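Thanks, everyone. I have one structure today, and I will keep to what can be read from its geometry.

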Amino acid sequence: KGRFWVKINVKGKTAHASRPELGIDANATLAEIISFIRSEVAKLPSDNELGKTTVTFGLINGGYEPYVVPDTAYATLDFRLAPPTYNHDIIRIINSAIANAKKIISNDVKVTYEITGDREYVKKNDDSKFNQLFKDWDESINDLSDTLKDKFKKQIQTINSCYEKLN
């Protein structure tokens, strides 16, 4: 699967918990965003080979005292992408989640996000450049000594084995 990491930052407005209507709850905003994203990712199509696109909310942080409306919050998200889902599909979901949370909590809340990791998925393809590279490498070691050939062939077998496990 591909990997797409995103950090979402929420900036609300602090207030005392006895008067929450004077603040903008960053944690509540983030909770709405997370809920929306989970729901939308679950609706994405799956791939026969790589399965479903998934999301993990690896780190969530916000607030600093129980008697204060939290004015900041953030979450790190780890999306594992499977075809036919691409990064732009996830960005669309994130933007929709932000718009939805603003409608529910407050249009004045500030939400930004940054992409912190991006790697496309790789589907098994015997004609891929990756596989061709190892075929060419395997053929090119025929000009080496028998000792070096054995070492390189073992390395190629290990790399191919790892590649197979990933796919």
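I will go through the sheet, the helices, the core, and then two local details. Keep in mind that this is a predicted model.

Start with the sheet. It is open, with 4 strands in the order β3-β5-β1-β6, and the pairing is antiparallel. β3 and β6, the latter spanning 110-119, are the edge strands, each pairing on one side only. From one strand to the next, the twist averages 15°. Between β3 and β5 there are 8 bridges, in the antiparallel sense. As a point of register, Thr56 sits opposite Asp78 in β5.

Both helices pack on this sheet. α1 touches β1, β3, β5 and β6, and its direction makes about 10° with that of β5. α2 touches β1, β5 and β6, and makes about 165° with the direction of β6.

Now the core. The largest nonpolar core has 30 residues, and those touching the most other members are Ile8, Val10, Ile33, Ile37 and Phe79. β1, α1, β3, β5 and α2 each give two or more residues to this core. Take Ile33: beyond its neighbours within four places in sequence, Ile33 is in contact with Ile8, Val10, Ala97, Ile98, Ala101 and Val111.

Two details remain. The peptide bond between Pro83 and Pro84 is cis, with omega about 5°. Pro84 is in the loop that runs between β5 and α2.

Next, Asn87, which belongs to helix α2. Is Asn87 buried or exposed? The cut-off for buried is under 20%; Asn87 has a relative accessible area of 18%, so Asn87 counts as buried. Its side chain makes a polar contact of 2.7 Å with the side chain of Asp118. Setting aside residues up to four places away in sequence, Asn87 also touches Phe4 and Leu81.

Note on methods
Residues numbered from 1 in each chain as written. Predicted model: local features only at pLDDT ≥ 70, side-chain atom pairs only at ≥ 80, totals over all residues. Heavy atoms only, no water. Core = buried A, V, L, I, M, F, W, Y, C linked by side-chain atoms within 4.5 Å. Buried < 20%, exposed > 50% of the residue type's maximum accessible area, 1.4 Å probe, protein only. Contact = heavy atoms within 4.5 Å. Polar contact = N/O pair within 3.5 Å; in protein donor to acceptor, adjacent residues only side chain to side chain. Pairing = 2+ DSSP bridges. Axes fitted to C-alpha atoms, helices over the stretch in contact; angles between N-to-C directions.
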